[in-house]
Each structure stands twice: as structure tokens, then as C-alpha cells.
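Hi,

Here is the structure I promised to send over. Have a look at it first, and then read on for what turned up.

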Amino acid sequence: MRVIVVGGGIAGLGAAYRLREAGHQVVLVEKDKEPGGRCRSVQWNGVWAVTGALAFLGAETNLVEQARKLGIYEPDALSDLTAAHSWSVLVKREKVVEFGEFNLLNAARNSFIPLTEKARLLVAIPALVKQIVAGDPRDITSSVEFDHVNACEYFRRYSPAFVDYFLEPCMGLFCGYGEDDFSLAWLLWGASGRLAWANHVWSFKERGAGRITWELGQFFAQDSGTDYRLGHHVHAVYHDAEAVSIVTKCGDRHETISGDALVMAVPGTRVSAIMPELDAMRRSFFQGIEYSGHHIAYFLLDRPKGSLPTSYALPAADGFRRTGNFRFVDLGNGRTLAHSQWKDWGCRRHADATDDELLDIAWGDLVDVLPELAGTSVADRFISRQHEAICKRPKGYIGRIKAFRDLGRLDRVAFCGDYLTNSTVGQSHWSGLAAAEDLMARYG
């Protein structure tokens, strides 16, 4: 087959690689000038600064296998980030609560959550544990029976402290989510995945998570069986029972490209705009998808880390609706790398601000939490703006995924991306592999 892959993020790159392994010709089309999408890093002041995804879950074995095939899964090239994913919460702007790994056991051990609230949480545990154990880590719809309620809404009935100082800060830290952005079904399904995958977290020392997308890009640039097109915007996708075609634009040049099948590997919010023949029910599904913003602001400080904390997660309950967390890393040369991540509320609230305005606001938030930073000299700064960082999964969303699947497959087209599964790098990559396998099973 000649398969067109629209989108060069981790899902599209995974699909394209799997198709090439099987001997099919690939046309890989990406709108940016380099691949990677939300899994990319940049060199800045001697460090690799991530602009989106940072790490991999250790038991996402498809990523390990992919890295080995590319020849980059070597001990000296890897970093164990498990300890870095332990976290602390600044409670009521005065007390730091150490939580360690994000799990209910660590929450139950913490003295900040009142005993009466812990007792009420115990009432909910049996049904939740049953779902966690039964959940299929490769099938998000396996938890659909809990899709009628948002997770924070559910747990607030039992323990407001658990929601305000554990659940919301954690989701704000890792996802940028607000309280209404994730359902109980998604949370339980994610827990079943972590149990199945184990808790080990790793990344590459060079480029971080962006190393794997960069290496995949290098592979396709040199591969004679791939028509690799960066900087090409796809304006329309057409398909029927016999073939597919796309209309692209690069500079002032428009071109129509034809093939035997197509992998749609763009964020879910962009699908309906480039598929004019999409039926009403599928169009409704895609138009209902939302992503949370998750900007990352970086500051190079002319001072050693000293007594500065390693990291804090910041609760919305104490007024931190915009900045979700910050982290300080001593670079060992008298300077410190500081970075903070924004929650979706802040990204939306300041959507029209310039980069400099956002950086001023982000720095103000840091000084608000740590007044000792006032007057600190900032040698350099930049911000990565991610308006579509992580797919939201509010109540009802997993049910909509199930209804979308029940519509069946489209002729010659397969969809992939984080909106159909989870937003980890490995799950997104796996969705691309599944899309490639689907097309090969049907037409290959």
C-alpha cells in the first residue's frame, strides 16, 4: 500500500514506522518544520528544555521496543526520573506536605487529611478497587460504568481535603486539568494502567522525551520508502471505498496527494475541519473534544539553588488557579534553572497575552510563593505555549468514545491520538501502532 499519515507527532510517527516495517510506502505530512508535536525539546542555555511531554512510564513496552529498534535504548543514554515524579503540595500557602508517589496509599498515610475524611473514603474503596483491578489498560472504555461523574465531584462527597490538597493539585501538575476536566472513569482507568505498567519513570538524558521523536524524524528523512514532508499544511482529506487523497499547502504551493489508505494522527480538535465529508455523528464527536492548555515557563537565575525548594504543586483551593507547580534545578555553575507549568485556566485567561507578558506573570507567581526570589537576577527566560497539551476527559467523555467506536470504521481511514486513549507518550504511540495494524489487516 501507499499510506498517507497526516500528523508527525508520536502517534503518527509510530504508525508510519510500523507501516514501513511491514514494507508499505508512506507519505508522512507534518505542518511544523520538525516532527514531534507535543513531544519535543529545545536546546536552551546548555540544557534540553522540554516543550511538552517529559517522561515515559517504564512498562510502556512499545516505547522501549521502538527505542531499541532505533538503537537508542542504552543504559548510558537514559535517566531514571522516578524520584522526580514524587511531589509536594504547598498547603494554605504555609505548610509543605510531602506525598511521594501519586496513589491512594500515600494519601491515606498523610496526616493532613483528617481521620474522619479518611474513614469516609474507605466506604468508596471496594467498588473502586474492583474497577481498577478489572480495567483493561489498553481499552479506556473498560471503565465506562463510572463515566457519569467527575472525579473531584465524586471524592468531594467523602473528603474535601483529599480533593483540594491531593487530587486537584496532582492533576493540575501533570495535566493542567481543572476540577471539571476529568471523570471518575478516566481516573480509575488510569490507575489500572499504572498498576499494569508499574511505576518506573524514565527518559533520555539528551532531548528528554523529544529524543525518540527526533530520532524517528531522522529515520524518515533518510528512508527511501518514505515521502517525508515537513512544513506542509493539510487542508482537506477525502476518501472512498477505493482510495484516499489530501490537499496540502507548502508556502504558496497547493498539491493533491493520493494513496491507498490514510492514518489521521492530528489532535482530535482538528479532525473535522480537514475532513469535509465526515458524517454528522463522527463530526459531533470530534467537535466535542477539548484540550487543556499547559504552558511551561523557564527562567535562568543568576544564583545557586541554595535553600530554594525542589518543587511544589500549588492548589487551586488556595488561589493558585493559574500556576500549577514549579521546580528548581541547581545547574552546578552558580546558576539555577527554574520552571513553572500553568493550568488550563491560566492559559485560557491569558490567551491573548504576548510571550513577555506571560513570562512576567509567571515570574510574579513564583515571587508570590517565594518572596526571597524578589530582586533575583534573571539571565534568560522563555515560554513554551501549549494550548492543546492534553485531552480533557470530563464525565460522559468515555461514553462518547464508545459511541464513536460503535459507529464502525471509515473506508480506507484509521484514527489515532491521545484523545482515543491516554495522554502518556506510550499510549499515544501505541494508538498509532494500532491504527497501522488496523489498515494492514483490512487492506494490506
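A question to start with: is R412 buried or exposed? Keep in mind that this is a predicted model. With a relative accessible area of 14%, R412 counts as buried, because the cut-off for that is under 20%. You'll find R412 in the loop between helix 13 and strand 22. Its backbone is a bit unusual to look at too: R412 isn't a glycine, yet its phi is positive, near 65°.

That loop also holds D411, between helix 13 (397-406) and strand 22 (413-415). D411 is partly exposed, at a relative accessible area of 39%. Together with D240, E242 and E277, D411 forms a negative surface patch.

Now hop over to R207, another non-glycine residue with a positive phi, this one about 75°. R207 sits in the loop between strand 9 (201-204) and helix 8 (210-222). Its relative accessible area is 15%, so R207 is buried.

As for the whole chain, the secondary structure comes to 14 helices and 22 strands. The radius of gyration is 22 Å, close to the 22 Å that the globule rule gives for 444 residues, so the chain is as compact as a globular protein of that length. The C-alpha trace spans about 65 × 50 × 45 Å along its principal axes. Of the 444 residues, 56% are buried.

Cheers

Notes:
Residues are numbered from 1 along each chain as its sequence is written. This is a predicted model: local features need pLDDT of at least 70, side-chain atom pairs count only at pLDDT 80 or more; totals for chains, interfaces and linings use all residues. Side-chain values use heavy atoms; hydrogens and water are left out. Patches are made of residues with over 30% relative accessible area and no salt bridge: like charges are joined within 9 Å, nonpolar side chains (Val, Leu, Ile, Met, Phe, Trp, Tyr) within 5 Å. Accessible areas come from the Shrake-Rupley method with a 1.4 Å probe; for residues, only the protein chains shown count as cover. A salt bridge is a side-chain nitrogen of Lys or Arg within 4 Å of a carboxyl oxygen of Asp or Glu. Lys and Arg count as positive and Asp and Glu as negative; His and the chain ends are not counted. The place of a charge is taken as NZ of Lys, CZ of Arg, CG of Asp or CD of Glu. Helices (H or I, at least four residues) and strands (E, at least two) are DSSP runs, numbered from the N terminus. Buried means under 20% relative accessible area, exposed over 50%, partly exposed in between (1.4 Å probe, protein chains only). The radius of gyration is taken over C-alpha atoms; the globule rule is 2.2 Å times the number of residues to the power 0.38.
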